[in-house]
Amino acid sequence: NVAAPDYAKGKNWAALPTTVDLADSVPEGLAAATEPPVDVFFIHPTGFLSGMNWNSSMDMESRTEENTKWMMSNQASAYNGCCNVYAPRYREASIFRYLSATPDIVEKSMALAYSAVERAFDYFIEHHSKGRPFIIASHSQGTQHGLRLVAERIDGTALHSQMVAAYLIGSDVRET
């Protein structure tokens, strides 16, 4: 069992505007925005591609962390020209849940992963965003969590007026 991530600790964020990280990457000759007017809460895709567990342990010395760094450089960094990038590490579900898990394991694994995303979002809203406009961005597994986050925590709430857009890509986003 892995304890719930404490998002007051910087180590539980793959990207923060106050740290130097791979989400700060820009193409040669360009620069990131210096005082962006918008924040982006980026939920990365599945990077947990090996192991015997259904959810990542968030081990900083793992292949999963290597994959997360790649995703910050190649996906989250797309937003640093317009936004402060906030990307939580989370107890993501294993790639194998897509391939071989029974429906009950899929549900439990995704619920555990979502609980960390939701916890990070709450921390982001309370301690970082402070009423600023924000974008929810995601890819693949992150999009499944992003859809739930928008439906359960943003639609029909005061946060709806702060949300500029939701870029939820790389997964099925049809209304069910």
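Modeller: pLDDT is the predictor's confidence in each residue, from 0 to 100. This is a predicted model. The chain's mean pLDDT is 82, and 77% of its residues reach 70 or more.

Biologist: Which element of the chain has the lowest mean pLDDT, and which the highest?

Modeller: Helix α2 (residues 96-99) has the lowest, at 66. Strand β2 has the highest, at 94. Where pLDDT is low, the predicted coordinates should not be read in detail.

Biologist: What pattern does the chain follow along the sequence?

Modeller: The order is β-β-α-β-α-α-β-α-β. That comes from 4 helices and 5 strands.

Biologist: How many bridges join β2 to β4, and how do the two strands run?

Modeller: There are 5 bridges, and β2 and β4 run parallel. Pairing takes at least two bridges, so these strands pair. Ile-43 stands opposite Ser-138 in β4.

Biologist: What joins β4 to β5?

Modeller: These strands also run parallel, joined by 6 bridges. One bridge sets Phe-134 against Met-163 in β5. As for cover, 5 of the 6 residues of β4 are buried.

Biologist: Why is the pair of Phe-41 and Phe-121 called edge-to-face?

Modeller: By the ring rule, the chain has 11 aromatic pairs. In this one, the ring centres of Phe-41 and Phe-121 are 5.4 Å apart and the planes meet at 80°. The limits are within 6.5 Å for a pair and over 60 degrees for edge-to-face, so the name follows.

Biologist: Which parts of the chain does that pair link?

Modeller: Phe-41 sits in strand β2 (residues 38-43) and Phe-121 in helix α3 (residues 103-129), 80 residues apart. Both Phe-41 and Phe-121 are buried.

Biologist: What makes the pair of Phe-42 and Tyr-79 tilted?

Modeller: The centres lie 6.3 Å apart, with 45° between the planes. Stacked needs under 30 degrees and edge-to-face over 60, so 45° is left as tilted. Phe-42 is in strand β2, and Tyr-79 is in the loop between α1 (63-74) and β3 (83-88), so the pair ties together parts 37 residues apart in sequence. Both Phe-42 and Tyr-79 are buried.

Biologist: Which residues do ring pairs link into a cluster?

Modeller: Tyr-7, Trp-13, Phe-41, Tyr-86, Phe-121, Phe-124 and Phe-134.

Biologist: Which residues touch the most other members of the largest nonpolar core?

Modeller: Trp-13, Phe-41, Phe-121, Phe-134, Ile-136 and Ile-154, out of 22 residues. At least two residues come from each of β2, α3, β4 (134-139), α4 (141-154) and β5 (163-169). Helix α3 gives the most, with 7 residues.

Biologist: What does Ile-136 contact, beyond its neighbours within four places in sequence?

Modeller: Its contacts include Phe-41, Ile-43, Phe-121, Leu-149, Ile-154, Met-163 and Leu-168.

Biologist: Which residues belong to the other core?

Modeller: That core lies apart and has 13 residues, among them Ala-15, Ala-23, Phe-42 and Ala-137.

Biologist: Why is Cys-82 called partly exposed?

Modeller: Cys-82 has 34% relative accessibility. Buried stops under 20% and exposed starts over 50%, so Cys-82 falls in between.

Biologist: And Cys-83, buried or exposed?

Modeller: Cys-83 has 3% relative accessibility, under 20%, so Cys-83 counts as buried.

Biologist: How many disulfides does the chain have?

Modeller: The count is 0. A disulfide needs two cysteine sulfur atoms within 2.5 Å, so no pair meets that limit.

Conventions:
Residues numbered from 1 in each chain as written. Predicted model: local features only at pLDDT ≥ 70, side-chain atom pairs only at ≥ 80, totals over all residues. Heavy atoms only, no water. Phe/Tyr/Trp six-rings, centres within 6.5 Å; stacked < 30°, edge-to-face > 60°. Buried < 20%, exposed > 50% of the residue type's maximum accessible area, 1.4 Å probe, protein only. Core = buried A, V, L, I, M, F, W, Y, C linked by side-chain atoms within 4.5 Å. Contact = heavy atoms within 4.5 Å.
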